[in-house]
Each structure stands twice: as C-alpha cells, then as structure tokens.
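Colleague: Before we start, I would like each term explained as it comes up. Please set the value beside the rule each time.

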Number of protein chains: 2
Amino acid sequence: MGVTVAIDCMGGDHGPSVTVPAARAFLRNHPEAKVILVGRQDALDQAVAAIGNGFGDRLSVRAASEVVEMDDPPAIAMRTKKDSSMRVAVDLVKAGTAQAAVSAGNTGALMAISRFVLKTLDGIDRPAIATILPTRKGQVYVLDLGANVDCEPEHLLQFGIMGAMLVSAVEHVDRPSVGLLNIGEEAIKGNDVVKRAGELLRGSGLNFYGNVEGDDIYKGTTDVVVCDGFVGNVALKTSEGLAQMLAAFLKEEFSRSLLTKAMAVVAMPALKRFKSRVDHRRYNGAALVGLRGVVVKSHGSADVYAFEQAIHRAAEAASNRLVERISERMAAMGRAA
Amino acid sequence: MGVTVAIDCMGGDHGPSVTVPAARAFLRNHPEAKVILVGRQDALDQAVAAIGNGFGDRLSVRAASEVVEMDDPPAIAMRTKKDSSMRVAVDLVKAGTAQAAVSAGNTGALMAISRFVLKTLDGIDRPAIATILPTRKGQVYVLDLGANVDCEPEHLLQFGIMGAMLVSAVEHVDRPSVGLLNIGEEAIKGNDVVKRAGELLRGSGLNFYGNVEGDDIYKGTTDVVVCDGFVGNVALKTSEGLAQMLAAFLKEEFSRSLLTKAMAVVAMPALKRFKSRVDHRRYNGAALVGLRGVVVKSHGSADVYAFEQAIHRAAEAASNRLVERISERMAAMGRAA
C-alpha cells in the first residue's frame with residue numbers, strides 16, 4: 001500500500017494527543033504507507049517528539065496556522081479559514097501530494113471544504129457520507145448519514161452506486177447487494193420518493209435486493225443500505241442512544257451489590273468478548289463519497305485505536321481506486337456528464 | 001376503573017390462545033373492569049372453557065364470523081370483512097358498548113377500520129400511532145410510527161398535541177415535555193418541514209423542549225418525541241434489529257464453551273434483571289390517537305403478558321379520558337373545526 005494519507009491532526013475532541021499516536025500505529029501496521037501530519041507547528045513538533053519519530057520520510061509535518069472549531073458554520077470555515085489544518089489536508093489531496101485525507105473535525109465543514117476543493121464526480125449531484133455498522137453476519141455500509149436531508153429518487157440511486165463501489169473497493173466484494181430503506185408492508189401509505197428510487201435502482205444494473213426495513217440493517221440482509229440523510233442520521237443516532245442505554249443498564253445490574261460485582265468478575269471474559277464484538281471504535285471512519293478524492297471523517301471522540309481505523313479505511317479506499325471505480329461505473333451507466 | 005374493553009381475540013400470531021388468557025389476567029388485576037371477547041364463536045367457547053370463566057358478566061363473548069388476515073390489504077379488510085373480529089371490536093366502541101378496543105392484528109387494517117368507523121376528532125387531519133420505548137430515565141412516547149409517511153408541519157404539531165395528551169392521560173404527567181426529532185447541528189442543511197413544525201410547536205402552548213436527536217429517545221430527554229411516520233418506523237425497527245443483534249451476541253458469548261456457560265449460570269441473576277428492564281413486552285400496546293374512541297394495537301407476536309399490557313393501556317387511556325383531553329386541547333387552541 002504505497003499510499004500517502006494527509007491527516008488533520010487538530011480535529012476531534014483530543015487533537016494531536018490522539019491523532020499523532022494513531023498515525024504512528026498506522027505506519028507500523030502499513031510498512032509501505034506514508035502520512036503527512038497537518039496542524040499547528042508547535043503542537044505537532046511536541047506530539048511527534050513524544051512518539052519518537054523513527055519513520056524517516058514516511059512521516060512528514062505540514063504546518064497549518066488555523067483550526068476549524070466544532071461550532072464553526074461550514075460556510076465560515078470554508079471561506080475564512082484558508083489555512084486551517086482541515087483545509088490544508090484536503091488541499092494536499094487536490095494537489096496529488098496525498099491520496100486521501102482524514103479528519104475528526106466538524107462534519108459540515110469537512111463536507112463543505114471537500115466539495116469546494118475537490119468537486120464532485122461527473123454525474124454525481126451530491127456527495128454522501130457512508131458509515132459502517134456491525135451486523136449479525138459482519139458489517140453493512142449505510143448512506144447517507146446526514147449530508148443530504150431532502151433527497152430526490154435520483155440521489156438515492158447515486159448513493160446506491162457510490163455505496164456499492166465503496167464496498168467493492170474497501171471490502172473486496174465483487175457485486176455488493178444494495179437495499180433501499182423503507183417501512184413495512186403494513187405501511188398505510190408508501191413514500192413516493194422511495195418508491196421511485198426503487199424503480200431506478202431496479203433498472204441500474206446494480207445487485208439490487210429491494211426494500212429493506214430498519215431491522216435489516218443489523219440483520220445484515222444487504223452489504224449496502226441506502227436512505228436519505230435525515231433518516232440515516234436518525235437511525236444512526238437512535239442506535240447510538242440504544243446501545244449506550246443498554247451498556248449503562250448492564251453495568252448498573254452488575255454494580256448493584258458486592259454479589260453482582262463478583263458475578264461480573266466471573267463473567268468478565270464473556271462480557272469482554274461481547275463488548276469487543278460490538279466495539280464501535282472498530283467501525284470508525286465514515287467515507288465522504290462522490291468526490292474527486294478520498295476523504296474520511298472520524299468520530300470526534302475517537303481514541304487512538306479508533307482514529308487508526310479511520311486512517312486505515314482512507315488508505316484502503318485510495319489504494320483500491322474508490323474514486324475511479326465510482327467514476328467508471330457512472331460512465332458505464334451513461335450517467336457521467 | 002369501570003371501563004369495558006372490546007378485544008379482537010383472533011388477531012396476532014397466536015389468536016385466542018394468547019388473547020383470552022391475557023383477558024383473564026387483565027380482569028384479575030382490574031376488579032372493576034369488563035371485557036368483551038370478539039371472535040369466532042367456537043374458538044372463543046373453547047378458549048373461555050380452558051380458562052374457566054369465573055368472572056360472571058365481567059366477561060362476555062361477541063361472535064364475529066370473519067378474521068382480518070395479516071396480508072389483507074387495509075381497504076379490502078375494511079370494505080369486505082364487515083363481520084371481522086377487528087371490525088366488530090371497533091364497532092362496539094363506536095356504539096358506546098365498549099370504551100376501548102384492542103387488537104394484535106394487521107396494523108394498516110386496524111387504522112383504516114378505526115378511522116372509517118370512529119372518524120377523526122375535530123381539527124385532527126390524520127390519526128397517528130404512538131408507541132412507548134424504555135429510556136434511561138423511564139419511558140418515552142414516540143409518534144408517528146408509520147401511519148403517516150409524508151407529513152406537513154401542521155401534522156407534526158397535531159402529533160405533538162396528541163402525544164402530550166396521551167402522556168398526561170396514561171402517565172398522569174401534568175405538562176409532558178415534547179421534543180421534535182431532527183438531525184444534529186452539524187447538519188449541512190435542515191429539513192424544511194421539521195423547521196416549520198418547530199415554529200408551530202414553539203407557539204402551541206405545549207411544553208415544547210425543542211429539537212431532539214435520535215439518541216435523545218433513549219436518553220429520555222423528553223416525555224414525547226414527534227416525527228413523521230417514515231422516520232419513526234425506521235427508528236423503531238432499527239432499534240428492534242440492534243436489540244436483537246446484541247441479545248444474540250451476548251447469548252453466543254455465554255454459550256461458547258462449558259466455561260462460559262458456567263459463567264452465565266453464575267451471572268444469571270444480574271443478566272435476568274437486565275433483561276427484564278429492557279423487556280419489550282412491558283411496553284406493548286401502541287395507541288391509535290386522534291380518533292373519536294380509544295384503539296390500541298398490540299404487537300402481533302405478543303404473548304399473554306405482553307397482550308395484557310396492551311389491554312391495560314387501552315383501559316387506562318379510556319378511563320382517563322384520552323379522547324376528551326385531545327378534543328378539549330384542540331378546542332382550547334382554536335383548532336377544532
């Protein structure tokens with residue numbers, strides 16, 4: 001994997017204290033890869049000194065004087081902070097110096113900057129955010145996760161194409177199955193946009209499974225689930241809330257008394273394996289797809305392990321030609337402008 | 001609670017073998033309540049004989065010759081099966097013989113029949129389905145759950161009113177807080193319908209909290225969460241899928257070997273308490289609100305305990321004047337026609 005990843009080291013809740021050690025872990029696990037750490041010179045010098053740079057030219061630092069804050073409006077971040085670590089990381093992809101960019105910063109700003117700097121691919125109206133969730137069978141890619149809240153059927157078709165190409169690039173699945181998120185047959189009235197999107201997907205040449213419901217996401221019915229950004233965001237956040245509640249309840253029940261605490265100690269190996277199976281850190285790294293370049297968004301609260309996964313996903317997408325795959329597919333469907 | 005509940009005994013996966021014992025449990029726990037069991041005479045005679053009717057005139061049987069099947073289209077069920085157990089149960093509410101109806105049958109058919117027979121309240125455009133979910137603080141009522149997939153801002157306002165009146169009737173909360181389901185501040189673009197609904201709710205005189213996100217459902221941020229039926233259905237089904245996956249993983253980890261099975265035995269009391277806290281059967285019984293009568297939908301797979309909860313909810317809503325509360329509120333807001 002001879003890929004170079006530009007890392008916005010200032011984004012996220014923890015900044016360089018997480019992003020720089022994650023870059024080190026990534027370099028150790030990918031001996032042919034390179035990283036460019038982007039951020040404030042002093043902060044990066046200190047963080048690199050702390051990890052003890054032994055990677056030679058595989059690790060370089062690129063100074064950027066500004067930082068996009070979590071509450072910066074996307075338009076402001078894009079127009080006024082032209083030397084932000086986020087902007088410079090994306091600029092490096094545009095210039096071809098890096099093949100992918102990773103940031104744990106403000107999602108809206110990252111999307112606005114990426115779209116402005118890299119532009120969308122021919123035939124793609126709007127980029128989307130694709131995340132990975134664990135399923136009973138393995139994992140599923142869900143898009144869109146919030147970039148697009150009012151979608152036309154054509155947009156959902158494009159999400160299907162981008163999602164399928166993402167899975168074939170990153171997961172090496174030949175013809176990923178694509179499901180369209182809808183509500184049950186008991187629905188008194190269907191949703192017109194989704195119905196028409198289903199027709200477009202059926203005629204797309206993709207491996208279209210048909211409609212899926214919310215529970216199919218975690219059943220692993222398909223490799224890709226397509227939905228508009230409002231619905232996708234609600235599904236993701238609702239899942240996070242439920243998982244947190246269940247984890248809190250489980251912990252409470254095992255902390256109730258000395259006896260239950262002893263039970264927890266006995267059961268720890270099984271509880272730990274359970275926790276590791278559904279560890280959201282393993283699935284960190286949402287791809288911004290539909291752009292002329294690879295950009296991956298990490299969760300803001302990511303720790304070193306989680307951020308490393310996001311860097312890994314970015315490198316994997318770039319070295320497996322994600323952008324070209326989407327572009328070729330659009331052209332083959334006669335959809336590229 | 002001197003209320004009479006009409007029970008569609010033929011609906012759901014199990015029919016009279018669940019619905020009739022659930023009616024018995026309900027009568028035992030509510031000494032002033034009555035039930036009318038509706039369904040095929042032979043099936044009910046047999047089921048009532050099996051429970052040994054010792055309730056005198058508190059339990060009566062009303063014969064209905066037809067059954068709405070789970071795959072009957074709502075319009076067909078409504079127009080052609082005029083002597084179905086579902087239809088007769090709702091007719092009994094219309095006639096004033098019963099104050100509430102409960103069914104575990106086809107949701108679409110139950111909504112269509114209820115709307116046709118009972119009609120909506122003045123000022124309510126569309127009835128909604130409100131379900132209860134557990135939260136870290138207690139429980140939350142979420143509506144709509146699938147009856148309305150393309151909503152205008154005015155509909156979301158009406159859901160807010162109906163949800164608040166439902167919680168004040170059934171949970172005895174004075175001014176329930178109402179949240180409007182939206183996506184994060186990071187959203188690149190808001191959803192226009194939701195934005196305008198927020199303005200209407202803000203000026204409604206309800207205890208409006210403002211926007212909530214998916215994770216707020218399980219955090220218990222508000223007493224009521226309002227959303228359109230498509231989003232609500234996806235949130236509910238996604239939650240079901242995630243909960244099932246986590247339960248399966250937990251079970252797998254504890255069944256892995258003799259050692260982990262022994263751990264499970266030791267940890268059983270804590271695991272059981274955990275399971276009971278999130279037992280979806282406790283929350284069974286979704287109210288169809290906005291109608292001139294109380295109708296409650298049970299999950300089709302409900303067992304005796306779960307179906308009893310649905311009967312209990314129906315009786316509670318009727319004896320606490322749910323319909324009148326919504327009606328009075330609409331009139332007070334100058335919204336009743």
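Colleague: How many residues does the contact take from chain A and from chain B?

Modeller: The contact takes 62 residues from chain A and 60 residues from chain B. A residue counts when its heavy atoms come within 4.5 Å of the other part, which is what contact means here. This is a predicted model, in which local features need pLDDT of at least 70 and side-chain atom pairs count only at pLDDT 80 or more, while totals for chains, interfaces and linings use all residues. Residues are numbered from 1 along each chain as its sequence is written, chains are lettered from A and ligands numbered from 1 in the order in which they are written, and side-chain values use heavy atoms, with hydrogens and water left out.

Colleague: What area do chain A and chain B bury between them?

Modeller: About 5900 Å², with 69% of it on carbon and sulfur atoms. Buried area is the accessible area (1.4 Å probe) that two parts lose on being put together, summed over both.

Colleague: How do you know which relation links chain A and chain B?

Modeller: A rotation of 180° with 0.0 Å of shift along its axis superposes chain A on chain B, at an RMSD of 0.0 Å. That is the relation of a two-fold axis. The superposition is by least squares on the C-alpha atoms of residues with pLDDT of at least 70 in both copies.

Colleague: Why can one say that the copies meet through the same surface?

Modeller: Because 97% of the interface residues of chain A are also interface residues in chain B.

Colleague: Why is the pair R277(A) and E252(B) called a salt bridge?

Modeller: The rule asks for a side-chain nitrogen of Lys or Arg within 4 Å of a carboxyl oxygen of Asp or Glu. For R277(A) and E252(B) the N to O value is 2.8 Å, so the pair meets the rule. Across the interface of chain A and chain B the rule finds eight salt bridges, and a search of the whole structure finds 24 over all chains. There are also 10 residue pairs in polar contact between chain A and chain B, both residues at pLDDT 80 or more. A polar contact is a pair of N or O atoms within 3.5 Å; within protein, one must be able to donate a hydrogen and the other to accept it, and residues adjacent in sequence count only if both atoms are side-chain atoms.

Colleague: Which elements give two or more residues to the side of chain A that touches chain B?

Modeller: They are α5, α7 (192-202), α8 (214-219), α9 (229-254) and α10 (258-277) of chain A. α9(A) gives the most, with 21 residues. Helices (H or I, at least four residues) and strands (E, at least two) are DSSP runs, numbered from the N terminus.

Colleague: How is chain A divided into domains?

Modeller: Domain 1 is 1-121 + 290-320, and domain 2 is 125-282. Such bounds come from an automatic or database domain assignment. The centres of the two domains, taken over C-alpha atoms, are separated by 26 Å.

Colleague: What do domain 1 and domain 2 of chain A share at their interface?

Modeller: 15 residues of domain 1 are in contact with 15 residues of domain 2. The two domains bury about 1300 Å² between them, 62% of it on carbon and sulfur atoms. M111(A), Y305(A) and R313(A) supply 37% of the area that domain 1 buries against domain 2, more than any other three residues.

Colleague: Which residues form a salt bridge with closest N and O atoms 2.6 Å apart?

Modeller: R281(A) and D303(A). Across this domain interface the rule finds one salt bridge. On the side of domain 1 that touches domain 2, α5 (107-118) and α11 (304-319) of chain A each supply at least two residues. α11(A) gives the most, with six residues.

Colleague: Where do D91(A) and R87(A) lie?

Modeller: Both lie in helix α4 (residues 85-94) of chain A, four residues apart, about one turn of the helix. Their side chains meet in a salt bridge at 3.5 Å, N to O.

Colleague: What makes the bond from L143(A) to D144(A) worth a remark?

Modeller: The peptide bond is cis, with omega near 10°. D144(A) is in the loop between β6 (139-143) and α6 (153-171) of chain A. In chain B, a cis peptide bond joins L143(B) and D144(B), with omega about 5°. Most residues other than glycine have a negative phi, and most peptide bonds are trans.

Colleague: Which phi does H172(B) have?

Modeller: H172(B) has a positive phi of about 60°, although it is not a glycine. H172(B) lies in the loop between α6 and β7 (177-181) of chain B.
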